Amino acid sequence: MKLIAGTTIMAATMLCLTPRAHADAANRQESLLVKNAYIFSMADKYRKPFTGYMLIDASGTITAIAPGAPGRRIHATTTLDAHGHWVMPGFISAHSHLWQAAYRGLAQDSTLLGWLDALYDKTASHARPEDFYWFTLDGALDHLQHGITTAYNFNYGNHWGQPATEADNVDHQQFRAEMDSGLRFVHGINPTADTVDHSLAGARQHLRGFIDWTQAQPASTAFLSIMLNGTAAFQGTPARALDEAMLEGSLMKEFGLGNQTHYLEPPDHVAAQQAIFPYFAQSGMMGPKLIFGHFIHTTPEILAQTGRAGAAMSWNPLSNGRLASGTADIPTYLKNGIRVGMGEDGEASADLADPFENMRTGLYAIRDRYQSASIMSPYDVLRLHTVGSAAVLQASDRLGSLERGKYADFLIIDPTHLAHVFDPYATLVLAASMRDLEQVYVGGHLVVDHGRVLTRDINTVEAQADQRVAASLPGHDRHH
């Protein structure tokens with residue numbers, strides 16, 4: 001591929017811009033034309049991939065996309081000749097814990113409950129708020145490096161009590177990391193993490209304070225929304241679960257926020273978990289703004305009610321397989337009208353933020369469950385990790401497919417090593433891997449080039465994260 005600006009040849013690094021440089025570029029009215037690309041649009045209008053072009057304006061929005069060559073009236077500051085390489089939307093993770101990238105491989109022989117104890121109680125609880133800046137930045141850059149351009153991020157909730165200073169506010173630390181990374185994100189917040197008594201008044205004050213703080217930060221299209229990290233299913237008793245559901249339902253209504261709650265994930269205590277399902281409706285949570293995370297051990301009635309309410313779920317095949325949680329019956333969920341997106345989960349449970357592996361793992365698990373190779377196609381699973389995840393995050397107007405009016409978040413894949421293509425979707429999902437991922441663009445700006453992250457020095461970030469994990473392990477003297 002080559003980049004052409006006016007009549008001069010430009011190096012690929014011309015698009016290697018930091019977030020601040022992105023704003024400067026917009027002020028210079030830079031635009032990008034991608035031509036000679038084999039485009040997997042994923043838009044309903046273009047069911048089949050096509051060879052064509054895409055025009056991106058200075059705001060990072062697609063203004064034109066069509067088969068064929070651009071007409072004489074199509075001009076841009078910079079032109080990218082893709083030479084037939086494949087262009088597709090950036091993957092969207094509807095369920096990620098970015099900070100967990102610092103804890104890969106932990107509790108490798110444990111299922112969910114033992115893993116939670118090893119990660120949260122015995123390890124992460126010893127880290128400091130400022131550590132979570134580096135942990136989150138590490139995870140966000142790793143997502144970008146693997147072709148994930150947007151993620152719902154379950155941020156770590158403060159366990160130190162009410163923060164005394166700005167530096168002690170773990171939500172602020174993680175938000176800054178999300179902003180600094182160049183990844184688009186939904187910031188998931190635990191509404192009671194900083195409160196002393198977990199009261200509605202305390203949660204309301206905490207949430208209002210954080211919302212006000214984010215509104216005072218520089219505006220950025222990378223920040224999509226705030227949602228609640230629901231915890232009703234982890235309260236231990238039915239009474240506490242109902243109290244938490246009522247609190248979260250009140251906050252959702254008052255602030256107009258969505259909620260993603262981990263629910264029916266492990267095979268342990270399934271009956272007890274299923275018994276609290278009515279609380280989601282009783283609290284007012286059940287509806288289009290509710291996302292169930294994992295949502296594996298369901299019943300026909302639970303699925304029917306969820307579909308009727310317009311709620312959604314996030315499917316996390318790599319993590320579910322690693323923790324032996326089970327396989328969600330995705331075809332049945334879709335038949336019930338449930339919106340389904342795919343998530344990478346945390347790199348302490350999935351270990352790799354690799355959407356290619358995530359798609360294959362999920363596809364194969366469903367085919368194994370049904371003992372049918374036709375129950376789910378490569379096209380189906382690719383839509384779930386792009387268009388489906390955008391719908392789950394209520395961002396379909398901006399993300400998920402390459403079409404006019406949406407953000408130009410896209411990947412360029414080199415098909416050189418993929419052999420003869422019998423079916424492009426089959427080859428993309430079944431055969432493509434990280435070695436074929438050539439470039440990653442967010443808002444029309446190159447952020448990863450042949451595996452090299454351009455927004456930040458990932459080696460420094462990874463070193464910081466690793467050192468801070470080691471320093472926070474029990475028995476380690478951080479002042480040594």
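**Note on cavities, pocket, salt bridges and aromatic pairs**

1. The largest cavity of this predicted model has a volume of about 80 Å³. Eleven residues line the largest cavity, and those closest to its centre are Glu 30, Ser 31, Leu 32, Gly 444 and His 445. By class, the lining of the largest cavity consists of four nonpolar, five polar and two charged residues.

2. In total, the structure holds two cavities of 30 Å³ or more, and the second largest cavity encloses about 60 Å³ of space. Among the residues that line the second largest cavity are Pro 89, Gly 90 and Ile 92, the pair Thr 149 and Thr 150, and a group that includes Leu 399, Gly 400, Ser 401 and Leu 402, with Tyr 407 and Asp 409 also taking part. The lining of the second largest cavity is made up of five nonpolar, five polar and one charged residues. Both domain 1 (32-89 + 406-449) and domain 2 (91-393) contribute to the lining of the second largest cavity, each with at least three residues.

3. Turning to open space, the largest pocket has a volume of about 910 Å³. Its lining comprises 35 residues, of which Leu 116, Tyr 120, Asn 190, Thr 231 and Phe 234 are the closest to the centre of the pocket. Helix H2 (112-121), strand E11 (223-230) and helix H6 (238-255) each supply at least two residues of the lining of the largest pocket, and H2 gives the most, with seven residues. As to chemical class, the lining of the largest pocket has eleven nonpolar, 18 polar and six charged residues.

4. The aromatic contacts deserve a point of their own. The structure holds 33 aromatic pairs, one of which joins Trp 99 and Tyr 120 in an edge-to-face arrangement, with 5.5 Å from centre to centre and 80 degrees between the planes. This pair links distant parts of the chain, since Trp 99 sits in the loop between strand E8 (91-97) and H2, whereas Tyr 120 belongs to helix H2, the two being 21 residues apart. Trp 99 is buried, with a relative accessible area of 1%, while Tyr 120 is partly exposed at 25%.

5. A second edge-to-face pair is formed by Phe 175 and Phe 223, whose ring centres lie 4.9 Å apart and whose planes stand at 90 degrees to each other. Because Phe 175 lies in helix H4 (residues 170-181) and Phe 223 in strand E11, this pair ties together parts that are 48 residues apart in sequence. Phe 175 counts as buried at 2% relative accessibility, whereas Phe 223 is partly exposed, with a relative accessible area of 24%.

6. Beyond individual pairs, one aromatic cluster is formed by Trp 99, Tyr 103, Tyr 120, Phe 132, Phe 135 and Tyr 156. Tyr 120 therefore has a part in two descriptions, as a member of this aromatic cluster and as a partly exposed residue with 25% relative accessible area; Tyr 120 is also among the residues closest to the centre of the largest pocket.

7. The structure holds 16 salt bridges. One of them lies between the side chains of Asp 117 and Lys 122, with an N to O distance of 3.1 Å. Asp 117 is partly exposed, with a relative accessible area of 29%, and Lys 122 counts as exposed at 52% relative accessibility.

8. Within helix H12 (residues 355-370), Arg 360 and Glu 357 lie three residues apart, about one turn of the helix, and form a salt bridge in which the closest N and O atoms are 2.9 Å apart. In this salt bridge, Arg 360 counts as buried at 9% relative accessibility, whereas Glu 357 counts as partly exposed at 31%.

9. The side chains of Asp 436 and Arg 435 also meet in a salt bridge, with 3.7 Å from N to O. Which of these two residues is buried, and which is exposed? Asp 436 is the buried residue, at 2% relative accessibility, while Arg 435 is exposed, with a relative accessible area of 60%.

10. Finally, salt bridges also link Arg 104, Asp 142 and Glu 347 into a network.

Notes
Residues are numbered from 1 along each chain as its sequence is written. This is a predicted model: local features need pLDDT of at least 70, side-chain atom pairs count only at pLDDT 80 or more; totals for chains, interfaces and linings use all residues. Side-chain values use heavy atoms; hydrogens and water are left out. On a 1 Å grid over the protein atoms alone, a cavity is a set of points where a 1.4 Å probe fits but cannot get out, and a pocket is an open set with protein on both sides within 12 Å along at least five of seven lines; lining residues have an atom within 4 Å of a point. Grid points are joined across faces, edges and corners, and a volume is the space filled by probe spheres set on the points. Helices (H or I, at least four residues) and strands (E, at least two) are DSSP runs, numbered from the N terminus. Ala, Val, Leu, Ile, Met, Phe, Trp, Tyr, Cys and Pro count as nonpolar, Asp, Glu, Lys and Arg as charged, and the others, Gly among them, as polar. A salt bridge is a side-chain nitrogen of Lys or Arg within 4 Å of a carboxyl oxygen of Asp or Glu. Buried means under 20% relative accessible area, exposed over 50%, partly exposed in between (1.4 Å probe, protein chains only). Domain bounds come from an automatic or database domain assignment. Rings of Phe, Tyr and Trp (its six-membered ring) pair if their centres lie within 6.5 Å; planes under 30 degrees apart count as stacked, over 60 as edge-to-face and the rest as tilted.
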